[in-house]
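I opened this structure for a first look and kept notes as I went. The entries are short and in the order I made them.

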Amino acid sequence: MTGTRTGTSARAVTAGALMLGWIALLWVLESVDMATGQALDTYGITPREPGELLDVVPAAFLHSGWEHVASNTLPLLVLGFIAALGGIRRFAAVALTVIVVSGLGVWLTAPPNTVTLGASGVVFGLFGYLLVRGFVDRRPLDIVVGVVIAVVYGSLLWGVLPTDSGISWQGHLFGLIGGVGAAFAFRRPRRAPRPVPPAFTA
C-alpha cells in the first residue's frame, strides 16, 4: 500500500511540474511576443502555404495577447495534469498527436489570408482524449474521470462550431478529433487472462 501511494504521489508531482512548466513557457513566449511587437506571431499557421507546415508545432505555444493566453491557461493546466497522471511518455505522444492533427486541420481548412495560433487546439484534444480514454482502455476509474470532465467542461463542445469568425473552430474541431484518435492509438494493452489451473478429482 505504501509503495502504491508513493508511486501515485510521484506521478502527481511529475505531472504537476510538467504542466506548470508548460504554462510558464506559454506566458514567457507571450511576454517575448508583446515585447517585440508581436514578432512571434509570424510562427502562426497561414493555410495552404507549404512553408507554413513548419509552424504547425510552434503555433500551439503562441498566443495573440494576454487575454488569449489567460483563457487557455486553466483548462490546459487541469486537463493536462489529469492526462499526464497516466504516464509522461503516453501524455507526450498524445499531446504531440493533438498538436499535429489540429495544426494540419487548420492548415488545410482555415480561411485564406488568416493566421491561427494558440493552445486551444491542445485543450480540445485533451478534452476529447480524457472523455473517451476510460471506455477505450476499459478502466472504470478513467470512465468516471471522463464523465466528470464532460460535466465540467462539456460546454467546450460549442467551440467546434463556426459561431465566431475570430475563433478558429477548425483548430478546436481537429484538436478534438486528434485527442479521440490518440485515445485509440495509445490505448493500454490489455492483460492476458490468468490461466485457470486444471481441476483434479480424487
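The notes below cover an aromatic cluster, the nonpolar cores, one helix and two residues that touch each other.

**Entry 1: the model**

I noted before anything else that this is a predicted model.

**Entry 2: aromatic rings**

I looked up how many aromatic pairs there are, and the count is three. Tryptophan 22 and phenylalanine 61 form a stacked pair, 5.6 Å centre to centre, with 25 degrees between the planes. I checked where the two sit: tryptophan 22 is in helix 1 (residues 2-35), while phenylalanine 61 is in the loop between helix 1 and helix 2 (66-84). They are 39 residues apart, and the pair links distant parts of the chain. Both tryptophan 22 and phenylalanine 61 are buried.

Tryptophan 22 also pairs with phenylalanine 91, this time edge-to-face, at 6.1 Å centre to centre and 65 degrees between the planes. Here helix 1 is linked to helix 3, across 69 residues. I looked up the accessibility of each partner. Tryptophan 22 has a relative accessible area of 10%, under the 20% cut-off, so it counts as buried. Phenylalanine 91 is buried as well, at 4%. I wrote down Trp22, Phe61 and Phe91 as a cluster linked by ring pairs.

**Entry 3: nonpolar cores**

Next I looked up the largest nonpolar core, which has 34 residues. Those with the most contacts inside it are Trp22, Leu26, Leu76, Leu79, Phe91 and Leu126. Trp22 and Phe91 from the ring cluster are thus on this list too. The elements giving two or more residues to this core are helix 1, helix 2, helix 3, helix 4, helix 5 (140-153) and helix 6. Helix 4 gives the largest share, nine residues. A second core of nine residues lies apart from this one, with Ile45, Val56, Leu62 and Trp107 among them.

I then listed what leucine 126 touches beyond four places in sequence: Leu76, Leu79, Gly80, Ala83, Phe91 and Val94.

**Entry 4: helix 4**

How many residues of helix 4 are buried? I found 16 of the 18, so the helix is largely enclosed by the rest of the structure. I also checked the length of helix 4 (residues 120-137). At 1.5 Å a residue it should span 26 Å, and its end C-alpha atoms are 25 Å apart, which agrees. The helix is not straight throughout, since I found a bend of about 30 degrees at leucine 131. Arginine 138 follows helix 4 and has a positive phi, near 55 degrees.

**Entry 5: threonine 109 and glutamine 170**

Threonine 109 is in helix 3 (residues 88-109). Is it buried, partly exposed or exposed? Its relative accessibility is 38%, which falls between the 20% and 50% cut-offs, so threonine 109 counts as partly exposed. A polar atom of its side chain lies 2.7 Å from the backbone oxygen of glycine 105. Beyond four places in sequence, threonine 109 touches Arg48, Gln170 and Phe174. I also looked up its separation from glycine 125: 16 residues in sequence and 17 Å in space, C-alpha to C-alpha.

I followed the contact to glutamine 170, which lies in helix 6 (residues 169-185). Glutamine 170 is buried, with a relative accessible area of 6%. Its contacts beyond four places in sequence are Val106, Thr109, Ala110 and Pro111.

Notes: Residues numbered from 1 in each chain as written. Predicted model: local features only at pLDDT ≥ 70, side-chain atom pairs only at ≥ 80, totals over all residues. Heavy atoms only, no water. Helix = DSSP H or I, 4+ residues; strand = E, 2+ residues; numbered from the N terminus. Buried < 20%, exposed > 50% of the residue type's maximum accessible area, 1.4 Å probe, protein only. Contact = heavy atoms within 4.5 Å. Polar contact = N/O pair within 3.5 Å; in protein donor to acceptor, adjacent residues only side chain to side chain. Expected span 1.5 Å × (residues − 1). Bend = angle between axes of the 7 residues up to and from the residue. Phe/Tyr/Trp six-rings, centres within 6.5 Å; stacked < 30°, edge-to-face > 60°. Core = buried A, V, L, I, M, F, W, Y, C linked by side-chain atoms within 4.5 Å.
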